[in-house]
Amino acid sequence: MSSTTITSTAAMKVDVPPVLTLLMLPEELILSCLARVPRSYYLTLTLVSKSFRSLINSPELCKTRSLLARTESCLYVCFQFKNEGNKHWFNLYRNPYQTMDDNSQTNKLCDYRLAPVQSLDFPPLAMSGFAAVGSDIYALGGIIDGVSSSSVFVMDTHYHIWCKAPSMHVARVCPSASVLDGKICVKWRMGKT
């Protein structure tokens with residue numbers, strides 16, 4: 001790892017690691033630098049330091065990315081295992097450790113990996129349907145405490161926070177949802193509840 005040498009007026013040399021050199025900059029400048037880095041590298045950058053982690057998870061970085069028109073599409077994946085009630089959310093990231101020395105099909109398949117989404121409080125729904133509109137993911141209907149639900153929750157993918165949205169008129173279990181002209185269309189099946 002290279003380091004930067006800082007010389008003071010007293011002619012004393014101090015070796016400073018590059019991360020500390022970057023952290024000596026004003027926060028607005030650091031955010032501007034981080035906003036230009038693809039989101040796929042953010043998981044790795046959170047391991048650099050606590051300061052980087054807090055900046056990467058901050059709403060200010062999202063605002064800076066939007067102002068610089070550096071938004072990206074992301075793929076979210078939700079797993080729920082049969083014997084477990086919790087849902088597990090993942091984001092598909094480009095693998096930053098992938099070497100580019102081979103152009104084979106195997107190498108292309110290893111370019112991506114699933115990374116767990118941090119700090120996600122998923123609502124207590126089972127058998128709900130999902131739809132994405134813009135940067136929001138909607139959880140529709142499902143079962144809460146053994147009862148069919150008409151609840152709708154929305155996740156802001158910038159901050160990974162779930163909020164309650166207005167409920168549907170009819171409770172639905174395992175609904176299939178699609179988006180047409182920015183509106184969510186829900187087809188529902190009758191469930192045994």
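The following dialogue examines how several features of this predicted model are classified.

Trainee: Why is asparagine 91 called buried?

Mentor: Buried means under 20% relative accessible area. Asparagine 91 has 1% relative accessibility, and therefore counts as buried. Asparagine 91 is placed in strand β4 (residues 87-94). Leaving aside neighbours within four places in sequence, asparagine 91 is in contact with residues including Arg39, Tyr76 and Val117.

Trainee: Why is valine 133 called partly exposed?

Mentor: The class of partly exposed lies between the limits of 20% and 50%. Valine 133 has a relative accessible area of 21%, so the residue is partly exposed. Valine 133 belongs to strand β6 (residues 129-133), and among the residues it touches beyond four places in sequence are Tyr138 and Ile184.

Trainee: What makes β6 an edge strand of its sheet?

Mentor: The open sheet has four strands in the order β6-β7-β10-β11, with antiparallel pairing. Both β6 and β11 (161-165) have a single partner strand, so one side of each lacks a neighbour in the sheet. Direction ignored, neighbouring strands of this sheet are turned by 25 degrees against each other on average.

Trainee: How do you know that β10 and β11 pair?

Mentor: Pairing requires at least two bridges between two strands. Strand β10 (residues 152-156) and β11 have five bridges, in the antiparallel sense, and therefore count as paired. Methionine 155 stands opposite tryptophan 162 in β11.

Trainee: Why is the aromatic pair of phenylalanine 79 and phenylalanine 90 called edge-to-face?

Mentor: Two rings pair if their centres lie within 6.5 Å, and planes over 60 degrees apart count as edge-to-face. The centres of phenylalanine 79 and phenylalanine 90 are 5.6 Å apart, with 65 degrees between the planes, so both conditions are met. Phenylalanine 79 lies in strand β3 (residues 76-80) and phenylalanine 90 in strand β4.

Trainee: What makes the pair of tryptophan 89 and tryptophan 162 tilted?

Mentor: Stacked planes are under 30 degrees apart and edge-to-face planes over 60, with the rest counted as tilted. The planes of tryptophan 89 and tryptophan 162 stand at 55 degrees, with the ring centres 5.9 Å apart, so this pair is tilted. Because tryptophan 89 lies in strand β4 and tryptophan 162 in strand β11, the pair ties together parts that are 73 residues apart in sequence. Tryptophan 89 counts as buried at 7% relative accessibility, and tryptophan 162 is buried at 11%. Ring pairs also link Phe130 with Trp89 and Trp162 into a cluster.

Terms used:
Residues are numbered from 1 along each chain as its sequence is written. This is a predicted model: local features need pLDDT of at least 70, side-chain atom pairs count only at pLDDT 80 or more; totals for chains, interfaces and linings use all residues. Side-chain values use heavy atoms; hydrogens and water are left out. Helices (H or I, at least four residues) and strands (E, at least two) are DSSP runs, numbered from the N terminus. Buried means under 20% relative accessible area, exposed over 50%, partly exposed in between (1.4 Å probe, protein chains only). Contact means heavy atoms within 4.5 Å. Axes are lines fitted to C-alpha atoms, for helices over the stretch in contact, and angles run from 0 to 180 degrees between N-to-C directions. Rings of Phe, Tyr and Trp (its six-membered ring) pair if their centres lie within 6.5 Å; planes under 30 degrees apart count as stacked, over 60 as edge-to-face and the rest as tilted.
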